[in-house]
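The exercises below are meant to be worked with the sequence and the model side by side. Please attempt each task before reading the solution under it.

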Amino acid sequence: MSNKEVKAALKSARDAIKNKEYKEALKHCKAVLKQEKNNYNAWVFIGLAAAELEQPDQAKGAYKKAIELEPNQLLAWQGLANLYEKPNQIDVKGDLADVYQKLLELYESGDKQKWCDVCNKLVELYHQERKYLEVAETWQKLIRRKQEEGAEKAELHQLWKKMIQLLKDSTRNQDNKTGQLLLTAFEHALDSADAVPGEDHQNLYKDFIQCLSKFPHEVARLEKACHDMMALYPNMSYPLEVLCLHFVNSGILSEKALQCFSRLLEMDASSGPGIIGFGIKCLKEKKYKEAVKSLTEGLQKTNQCPAAWYYLAEAQMKIHEHRNAVLSCNQALEALGTPEGPNLQWKNLVLQLKAETLIKIADADAAEEAIKALEQMIDASSDPVVSALRGQAYLNKGVMDQASKISQELLLSHPDLAEAHALEGFIHYSQKSYEQAEKSFLNAIERKAGTAEYHQYLGLTYWFMSDETKKDKGKALTQFLKAAKLDSYLGSAFYYLGNYYRDIAGDKSRARGCYKKAFELDEIDEESGAAAVNLSVELGDMDTALSILNEVTEKARPGTAKWAWLHRGLYYLRIGQPSQAVADLQAALRADPKDSNCWESLGEAYLNRGSYSTALKSFRKASELNPGLVYSVYRAAALEQILGKYENAIATYQQILKKTENYVPALKG
């Protein structure tokens with residue numbers, strides 16, 4: 001085949017392809033290759049025809065052969081790109097990216113439009129594969145090229161915005177380089193914006209600040225962006241809100257942070273981050289109830305703030321709302337998700353606080369949960385304070401040997417740690433080894449005098465050690481007073497002060513004040529509530545007694561607060577208001593249906609109201625529950641007599657006289 005014939009055969013192949021006669025084209029090409037096996041165009045035409053005949057492997061082989069022969073010729077590369085772009089081609093994205101890269105190289109000094117088209121395709125491909133760094137670097141090349149060509153500011157602005165759009169999902173698993181390229185794109189987009197200030201520019205700024213807030217190491221840049229946006233848009237609260245949340249999450253309450261909280265609340269009194277900031281300020285100022293109120297309100301508006309949940313739990317812990325504090329810790333852990341970096345530190349803080357709170361609840365289930373929380377802490381096994389908490393949790397769970405082992409190890413490794421001595425004290429106290437407990441708590445106080453719990457337990461140790469230490473003003477009383485002074489929310493300190501003033505000092509008025517305070521701090525502390533009521537009655541102050549009882553019964557759910565219903569029912573019985581007494585005593589029985597004394601009192605109330613049949617049933621119920629209640633048996637007999645059931649009445653009187661021969665009311669009956 002002569003040169004002329006080769007050219008003619010290639011022309012015939014080209015014409016056949018044009019006419020979609022692909023098999024014909026293949027024949028011509030093969031004829032050429034018999035003569036010239038390295039003919040570039042023949043291989044390219046084979047690739048084209050085979051691709052159209054759905055023979056991708058043959059097409060790919062042909063294009064690759066052509067590329068091998070002429071690596072810097074466009075045709076084969078273009079053909080290979082078209083082949084890989086077909087929808088039936090799978091697992092070729094990596095190869096296609098390489099082809100696009102080569103095409104960019106070949107178009108570099110030639111066709112600008114085609115270079116841009118291929119660049120767009122390559123970026124799209126990288127984006128589908130979530131190769132965000134390659135997306136960023138390739139798109140930047142496109143922007144640079146446009147800049148060199150002298151593109152208008154508006155076109156460049158759109159290109160930077162497109163880059164932001166392409167990279168916006170990359171912040172989750174961000175490598176630092178991609179992150180920096182994204183932030184640079186934001187800065188260029190903001191600089192190239194036309195209408196400043198304007199709505200588009202404002203939204204772009206918001207997105208920039210939101211993006212910056214996801215980068216823990218870009219604090220300075222975040223603060224600058226927020227201040228710059230505030231200067232441009234002084235009536236917008238958004239940058240201030242982000243800045244406030246940044247300060248909250250940083251855990252540092254600087255003067256700058258306080259100013260930021262105040263400024264935000266001046267601008268928008270209902271702003272979640274502003275209210276949260278104010279709550280943290282209250283917490284630091286030891287205004288715990290205000291802190292709980294503000295943090296709760298702020299978190300209703302901005303609930304995905306783990307640090308704020310932690311601060312709320314801390315404030316709740318301070319006022320001994322332990323169960324609420326555990327719930328807040330759980331919310332913090334949920335908001336943290338799977339934490340990394342600074343959030344890992346927050347997770348440890350939350351888990352430790354949760355464990356401390358569960359230990360204060362002091363039951364076996366809470367102790368088990370506390371142990372689990374401590375196990376979830378990262379790199380905390382060597383922390384002696386965490387070990388002491390673990391020891392307390394085992395003690396509450398009743399695993400004494402484990403608690404003792406931790407205590408002994410801590411005292412050897414950290415003899416100056418207050419928590420180590422306190423743990424030893426808790427163990428001795430639980431075993432009623434009061435003299436050893438005294439030494440341990442004194443050692444703990446010597447190392448950390450400002451802990452109310454240590455003084456409270458030392459006071460309890462003296463209270464139960466002996467009558468002498470209980471009565472000694474310098475012992476139990478002094479420690480309870482110190483505990484109450486250090487922690488004005490510690491209800492149990494006020495309860496024992498009440499016990500001291502009532503039982504030792506004989507000062508009913510002061511005792512009543514202490515019990516009342518203890519009950520105000522802990523409304524489920526029935527002993528304090530009942531003691532405050534009883535002392536008020538003894539002091540002739542029925543108004544105070546009733547105000548306490550009314551407050552409890554108003555809040556009580558059905559089947560609860562038996563003591564308050566019973567006290568008030570007996571009061572109404574005493575002052576001759578049987579109908580009200582019946583209602584209250586029934587409520588008391590809903591809480592405890594097996595209280596024989598309560599049934600007896602209910603019988604008395606029905607009797608005073610003139611409801612004899614119901615009174616009879618109540619007295620019978622009382623004597624069934626407790627056959628030793630002679631008065632109830634007698635009352636039942638008396639009512640049977642009134643109701644004309646004489647035989648029953650006689651039998652019941654005789655039953656009483658068998659047990660108690662000289663029971664005068666029965667003899668009379």
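Helices, as the word is used here, are DSSP runs of H or I that hold at least four residues, and they are numbered from the N terminus. The model is predicted.

**Exercise 1.** Describe the span that UniProt gives as "coiled-coil region", and then the spans it lists as "repeat: TPR".

Solution. Begin with the record: an unreviewed UniProt entry places the "coiled-coil region" at residues 3-39. In the model this span is 81% helix and 0% strand, and its end C-alpha atoms lie 12 Å apart. Next, the unreviewed entry lists residues 40-73, 562-595 and 596-629 under "repeat: TPR". For residues 40-73 the model shows 79% helix and 0% strand, with 9 Å between the end C-alpha atoms. Residues 596-629 come out at 82% helix and 0% strand, and here the end C-alpha atoms are 8 Å apart.

**Exercise 2.** Work out how the buried residues of helix H22 are arranged, and what they pack against.

Solution. First take the length: H22 covers residues 400-413, and its 14 residues reach 20 Å from the first C-alpha to the last, close to the 20 Å expected at 1.5 Å a residue. Then pick out the buried residues of H22, which are Ala403, Ser404, Ile406, Ser407 and Leu410. Viewed down the helix axis, these buried residues fall within an arc of 160°, so they line one face of H22. The face turned away from that buried side carries the exposed residues Asp401, Gln408 and Leu412. Finally, look for the partners: the buried residues of H22 pack against helix H21 (384-397) and helix H23 (418-430).

**Exercise 3.** Carry out a similar reading for helix H5.

Solution. Helix H5 (residues 74-85) has 12 residues and reaches 16 Å between its first and last C-alpha, close to the 16 Å expected at 1.5 Å a residue. Its buried residues include Trp77, Leu80, Leu83 and Tyr84. The buried residues of H5 pack against H3, helix H4 (56-69) and helix H6 (93-107).

**Exercise 4.** Which residues touch the most other members of the largest nonpolar core?

Solution. This core has 220 residues, and those that touch the most other members are Met163, Ile209, Tyr311 and Trp563. Its largest share, nine residues, comes from helix H3 (residues 40-52). To look more closely at tryptophan 563, set aside residues up to four places away in sequence; its contacts then include Phe519, Ala530, Ile548 and Leu549.

**Exercise 5.** Why does cysteine 282 form no bond with the closest cysteine sulfur?

Solution. A disulfide needs a pair of cysteine sulfur atoms within 2.5 Å. The closest cysteine sulfur to that of cysteine 282 belongs to cysteine 244 and is 14 Å away, which is too far for a bond. The structure as a whole holds zero disulfides. Cysteine 282 is nevertheless buried, with a relative accessible area of 3%, and cysteine 598 also counts as buried, at 1% relative accessibility.

**Exercise 6.** Is glutamate 54 buried or exposed, and is aspartate 379 buried or exposed?

Solution. Glutamate 54 lies in the loop between H3 and H4, and its phi is near 60°, a positive value in a residue other than glycine. With a relative accessible area of 55%, glutamate 54 is exposed. Aspartate 379 lies in the loop between helix H20 (364-375) and H21, and although it is not a glycine, it has a positive phi of about 55°. At 75% relative accessibility, aspartate 379 counts as exposed.

Technical notes:
Residues are numbered from 1 along each chain as its sequence is written. This is a predicted model: local features need pLDDT of at least 70, side-chain atom pairs count only at pLDDT 80 or more; totals for chains, interfaces and linings use all residues. Side-chain values use heavy atoms; hydrogens and water are left out. Buried means under 20% relative accessible area, exposed over 50%, partly exposed in between (1.4 Å probe, protein chains only). A nonpolar core is a set of buried Ala, Val, Leu, Ile, Met, Phe, Trp, Tyr and Cys residues joined through side-chain atoms within 4.5 Å. Helices (H or I, at least four residues) and strands (E, at least two) are DSSP runs, numbered from the N terminus. Contact means heavy atoms within 4.5 Å. UniProt positions are given in the numbering used here, feature names are shortened, and annotations may be inferred rather than shown by experiment. The expected span of a helix is 1.5 Å times one less than its number of residues. The arc is that of the directions from the helix axis to the C-beta atoms.
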